[in-house]
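Subject: Handover of a structure and findings

Dear colleague,

Please find below the structure that I am passing on to you, together with its sequence. A summary of what was found in it follows.

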Amino acid sequence: MKHVNVGLIGFGTVGSGLAEVLLSQQERLQQRSGLTIRLAKVADISTKELPAQFADTALTNDAAELINDPNIDIIVELIGGIQPAKTFVLEAIATGKHVVTANKALLSLEGKEIFAAAAAKGVEVGFEASVGGGIPLIKGLKEGLVANEILSIMGILNGTANYILTRMTDEGSPFVEVLKDAQELGFAEADPTYDVEGIDTAHKLAILMTMAYGMNITHNEIVTEGISGIEPIDIEFAREFGCRIKLLAISRNHGDHVEARVHPTMVPNAHLLASINGAYNAVHFTGDMVGNVLLYGQGAGKMPTGSAVAADVMDIARDIAAGSVGRVPSLSYMPENIKDREVTPIDQLACPYYFRITALDQPGVLAAVSMVLSKHEISIESVIQKGREEGEPVSIVMLTHTAVESAVSAALAEIDALEAVTAPTVKIRMLEEE
């Protein structure tokens, strides 16, 4: 039986999860591939000793030992970040080794260089675990939906943000309080910026868009807004309108340009994504042949992500054994067919909106607001106004029909300048009908 040797850089949460998967599922992997996939060596600067069950696996604190070991076939990078991860990946490729990574930040920023180097060297790069943890999103796009033009991508791609919004919705608790709980429970990092400000989601959307559309894009080209400004009052108003607020990654394919945005979104309760709660992830694809597809599951965690990394290792091991390396392009499209495409400017976005205007409860305010919206050709679908004690500000909440972002921005600037308006207007985009 042919042996395929794996070298692992990084024995943290996901790295140790991969090690456990390869060990506990070894017999099943053999039965499904006819191969013995062996974790031969681990490089980690903080691990002094591997658990007893990995007695046959060597440990070093120098990644170069793995990269330059001629007996290792596949290098798995699970340290995260840009450097030294990028250096390790490129050095492994240069030595003719295949690479597997879960590093969405690296791929969303430096992927073009990495995939070009791999193609030139004739090796493979697996990255299933970089988007959606244990959900087979990458394989789904790369193989399952290969006959489709992807018309749209909409997804909940960050479990931390989804957990926080779920708690806020179910309990009415403020963001700061739920975030603190999430950190204490291990759902959020000590520095949660990437998760709650949408940056992690943008990294993942960039990867999906590259594969879905065959385009060059980095997360820096994606309009990104987080959830730290969401207040319980907005979640309650969303409930009254039959919606839930979710942090969504959204891309729509308009042919000559594509939308690319991450922001809090009001999702109607009838939509499948509205029911995705807790730390779970889900992505909704629309293909021109297949129609709507929803993939759902655990988007993070030691074993789900370890499972996804192991799937990449298995795919590459099978290709090595069959002599068919490069049979499926890493990014679904052949490298020469991945092109630059225009990203839709955010001021051209057209969708419905939720506005919460805080104003003094006095005659003429609603009429003044309506006049401004009419001036900018923004049509109101529904209005809720809840009074408070006399002389105190009230919330005027509106849902609009489809409006253009540039017109919305101009209108809200005028509304906020009205004498009776006492705070900046809250704006949340709504999910458009398909």
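Please note that this is a predicted model. I begin with its interior. The largest nonpolar core holds 79 residues, and those that touch the most other members are Phe127, Ile153, Ile164, Met209, Ile227 and Tyr354. Helix H10 (residues 199-213) supplies the largest share of this core, with nine residues. As for methionine 209, once its neighbours within four places in sequence are set aside, its contacts are Ile153, Gly214, Met215, Ile217, Ser251, Val258, Glu259 and Ala260. Another core, of 28 residues, lies apart from the largest one; Val21, Leu22, Leu29 and Leu39 are among its residues.

I turn next to the sheet. It is open and made of six strands, which follow the order E3-E2-E1-E4-E5-E6 with parallel pairing. Strand E3 (58-60) and strand E6 (125-126) are at the edges; each has a single partner strand, so one side of each has no neighbour in the sheet. Within this order, strand E4 (residues 74-77) pairs with strand E5 (residues 98-101) in the parallel sense, over four bridges. Valine 76 is found opposite valine 100 in E5.

Among the helices, H12 (residues 302-322) may be of interest to you. Helix H12 has 21 residues, and the distance from its first C-alpha to its last is 30 Å, close to the 30 Å expected at 1.5 Å a residue. Its buried residues include Pro304, Thr305 and Gly306, as well as Val309, Val313, Met314 and Ile316. Two aspartates, Asp312 and Asp319, are also listed among the buried residues of H12. Just after this helix comes glycine 323, which adopts a positive phi of about 65°.

Finally, I report on the cysteines. How many disulfides does a search of the whole structure find? The search finds zero. A disulfide is a covalent bond between the sulfur atoms of two cysteines. Cysteine 243 takes part in no disulfide, and the nearest cysteine sulfur to it, that of cysteine 351, is 13 Å away. Seen from the other side, the closest cysteine sulfur to that of cysteine 351 is in cysteine 243, and the 13 Å between them is too far for a bond. Are these two cysteines buried or exposed? Cysteine 243 counts as buried because its relative accessibility is 6%. Cysteine 351 is buried as well, with a relative accessible area of 0%.

With kind regards

How values were computed
Residues numbered from 1 in each chain as written. Predicted model: local features only at pLDDT ≥ 70, side-chain atom pairs only at ≥ 80, totals over all residues. Heavy atoms only, no water. Pairing = 2+ DSSP bridges. Core = buried A, V, L, I, M, F, W, Y, C linked by side-chain atoms within 4.5 Å. Buried < 20%, exposed > 50% of the residue type's maximum accessible area, 1.4 Å probe, protein only. Contact = heavy atoms within 4.5 Å. Expected span 1.5 Å × (residues − 1). Disulfide = S-S within 2.5 Å.
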